Each structure stands twice: as C-alpha cells, then as structure tokens.
Amino acid sequence: MKKIILTGGGTAGHVTPNLALIPSLKEHGYEIQYIGSYQGIEKKLIEDAGIPYHGISSGKLRRYFDLKNFTDPFRVLKGYGEALKILKQYKPDVVFSKGGFVAVPVVLAAKHFRIPTIIHESDMTPGLANKICIPFAKKVCCNFPETLKYLPKEKAVLTGSPIRKELLEGDRLTGLQYAGLSAGRPVILVIGGSLGSVTVNNAVRKILPKLLSHYQVIHICGKGNLDEGLKGTAGYVQFEYVDAPLKHLFAAADVIVSRAGANSICEILALRKPNVLIPLSAAASRGDQILNAKSFEKQGFSTVLEEENLTEASLYQAISETDQNRSQFIQAMEQSPLSNAVDTIVSLIETYSAG
C-alpha cells in the first residue's frame, strides 16, 4: 500500500484542503497519516476524520521582535527531531504540505530522508513558512495566476484549492428549511470568517432593515457575536458557527458576502456564487486577503469592497449591483480552469509517490 504524510496547521485554512484530498487519496489506495502541532486546530479536525495523528513541537517564525523569537527556534528543532522519528518509522512514499509553521520541520525531515514533498500555497504571495520549505519541494501548487511569478518556474503548478466534495452537494430547500426562511425571496449569506468579523457584522446589521426589504439574510457571525436584540427578526437568521449544514446554506444563497481568505473564496468559486469580498485590511494582516480579492475581481469572479471604504451605502450598493449582474459573475466563474484541484493534486502525488 502507498503511504502519504499530510501536514499543515495553525488555522483551519491549513487543514481543510488536506481534508478535501483524503477521500480521493483513499480511492487511489493510500494509507494516510497526519503530522500537526500538539494541540492546534488541526488535531481535532483530523482525528474527527479518522486519520492517525502525530503531534510535534512547533514554533512560530516572526519577522518582528518578540521574546519568543529566542525560544521558538528550539521548539522547531525539537519538532524536526520528532518529525524525523515519525518519518523513519512510517516510511511514507510522499509528503503533502499545506503550510503553516508546523509543516517546516516535517518538510525538512522529508528532505533528510529524500522523500518527495509537494507544497500547496493558498495565498497570492508565499508566507514565511512556505518560503522556507519551497527549496526542498518537488512541486509547489497555488491558487492564483499571479502567484506563479513568486515561485520557481520549474516547480510551480496552478491547481486552485482542493474543495471538499460534500460542499458541492448542498440542497437549496434543505438550507432554507434549516434557516427557517422562505423559497420565495433571494438570500444573502454573510460569512464573517471562523472567528467572526466585528466590522462586517456591524456593517451588515446597520443596513439590515434596507436589506430585508428585498432579501432574506443568513448571517454566520462567529463565536460570541450573536445579537440578541435581533433574534426573531423576520427574514434574518444568525448563527455563531455552522458545520455540516453549511453546504445547504451555500446552496440556498443567491449572493455571498465574505472575507477573502484563500480557501473561503476558492469554495465560493467552486460553488459559482456571485459574491462581495471584504478583505481584511493591511493594518490587520500582511495584506494577503487584499491581493486574493483583487485577483478574483480581475478575473470577474467578485465585487471587492475594501474595509477602508466600507460604509452602509457602499455595502448595500455592492450587494445590490452584484445581485443585478449575477449572470456575468456566474459565467466568468464557469470558465475558470481551477475547478478540479483535487484531481490535479492527487495526480501530482501519484507521479512522485511512484518514484
């Protein structure tokens, strides 16, 4: 039986693409194990999927001064030793890394044993962890045409992001029923991100009366962000978090309002949903969401509203115009070649696991 190690962690975005690959890898006859951090978000997600999980020590590599910069290199070294031990025992044919700092010791250990590694970079420009790993990889997969110029030409492959198959199997009526909404009026689905977004949540709630005169609104607002005063508002339903039924809520949506994390927007692309992206501001991030959103805007997939320009009037206008021009957005998304990421990546894995 062919063996593969999957790695990646730190955020859900470093794990969900790995989860999306698992069914196809099993179909292709792979035995799968996962290396992540001791207690990262990836641990529960992977164990819930029934995949054997190994935790290793992980340190963050920072570009700014922090006292932990003096101790974290030792954590990385410890993680490298632990990864060497796991790989020596398991003897995988190939390693697939989704990035995050926990992946660095794993990729370095794979290089030590001459195990081929394939990396996936979600964002427009490689993050620091992947920058360290790229020299040791056979191939580097990416989501955006613009990313190719940041990668070694002989290694770069434009694949898109692996999307969980079940996400594409949602049912509109089931979603409406779950949300307690009617089939007679269009639906706006607002997703604030896994932690919720106070900025997006507040902006949506401020224009709620105006929105509800034309639309129904499903609002996934993040843990602790429910507005008790809006409970029972006709045509508006809010959730802190949605897991399994999310595919049905996606199916029910006519327009999606979302942050611009790479995996989230690739899911929206795969679902062919007209969308308004509100990227996290450069002040609150390294600016990757802004670049992601601009790429989707350039390709005709999205309307982009930067956080600095987010007002009640601009948000309502963006939603309204996106809905009016929905057929153009859907047509552009249907022409995208980035829909079969799982097949493309598994094909690469097959090539390198065969030696």
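In these legends, Ala, Val, Leu, Ile, Met, Phe, Trp, Tyr, Cys and Pro count as nonpolar, Asp, Glu, Lys and Arg as charged, and the others, Gly among them, as polar. The model is predicted, so local features need pLDDT of at least 70 and side-chain atom pairs pLDDT 80 or more, while totals for chains, interfaces and linings use all residues. Residues are numbered from 1 along each chain as its sequence is written, and side-chain values use heavy atoms, with hydrogens and water left out.

**The largest cavity.** Here is an enclosed space with a volume of about 40 Å³. A cavity is a set of points on a 1 Å grid over the protein atoms alone where a 1.4 Å probe fits but cannot get out, and lining residues have an atom within 4 Å of a point. The volume is the space filled by probe spheres set on the points, which are joined across faces, edges and corners. Around this cavity you will find Gly160, Ser161, Ile163, Cys266, Leu269, Ala270, Leu338 and Ser339. Five of these lining residues are nonpolar, three are polar and none is charged. The structure has two cavities of 30 Å³ or more.

**The second largest cavity.** Its volume is about 30 Å³. The lining is made by Thr16, Pro17, Pro162, Ile163, Arg164, Asn263 and Glu267. Helices H1 and H10 are the elements that each give two or more residues to it; helices (H or I, at least four residues) and strands (E, at least two) are DSSP runs, numbered from the N terminus. By character, three lining residues are nonpolar, two polar and two charged. Ile163 may look familiar, as it lines the largest cavity too.

**The second largest pocket.** This view shows an open space of about 310 Å³. Unlike a cavity, a pocket is an open set of points with protein on both sides within 12 Å along at least five of seven lines. Ile163, Lys165, Leu168, Val342 and Asp343 are the closest to the centre among the 16 lining residues. Two elements give two or more residues to the lining: helix H1 (16-27) and helix H14 (341-353). With four residues, H1 provides the largest share. Eight lining residues are nonpolar, four polar and four charged.

**A salt bridge between Lys43 and Glu47.** The closest N and O atoms of this pair are 3.1 Å apart. A salt bridge is a side-chain nitrogen of Lys or Arg within 4 Å of a carboxyl oxygen of Asp or Glu, and the structure holds nine of them. Lys43 and Glu47 are about one helical turn apart because they sit four residues from each other in helix H2 (residues 41-48). Lys43, at 23% relative accessibility, is partly exposed, and Glu47 is partly exposed at 39%. Buried means under 20% relative accessible area, exposed over 50% and partly exposed in between (1.4 Å probe, protein chains only).

**A salt bridge between Glu307 and Arg259.** In this pair, N and O come to 2.7 Å. The bridge joins distant parts of the chain, 48 residues apart: Glu307 lies in the loop between strand S13 (303-304) and helix H12 (312-324), and Arg259 in the loop between strand S11 (255-258) and helix H10 (262-271). Both Glu307 and Arg259 are buried.

**Helix H12 and the pair at Asp323.** H12 has 13 residues and spans 18 Å from its first C-alpha to its last, close to the 18 Å expected at 1.5 Å a residue; the expected span is 1.5 Å times one less than the number of residues. Buried residues of H12 are Ser314, Leu315, Tyr316, Ala318, Ile319, Ser320, Thr322 and Asp323. Asp323 forms a salt bridge with Arg326, with 3.6 Å between the closest N and O atoms. Within that pair, Asp323 is buried at 19% relative accessibility, whereas Arg326 is partly exposed at 25%.

**Cysteines without disulfides.** The count of disulfides, pairs of cysteine sulfur atoms within 2.5 Å, is zero. Why is Cys141 not bonded to Cys142? Its closest cysteine sulfur, in Cys142, is 7.7 Å away, too far for a bond. Cys141 is buried, with a relative accessible area of 0%, and Cys221 is likewise buried at 0%.

**Gly287 in its loop.** Gly287 sits in the loop between strand S12 (275-277) and helix H11 (288-298). At 9% relative accessibility, Gly287 is buried. The C-alpha atoms of Gly287 and Asp123 are 10.0 Å apart, although 164 residues separate the two along the chain.
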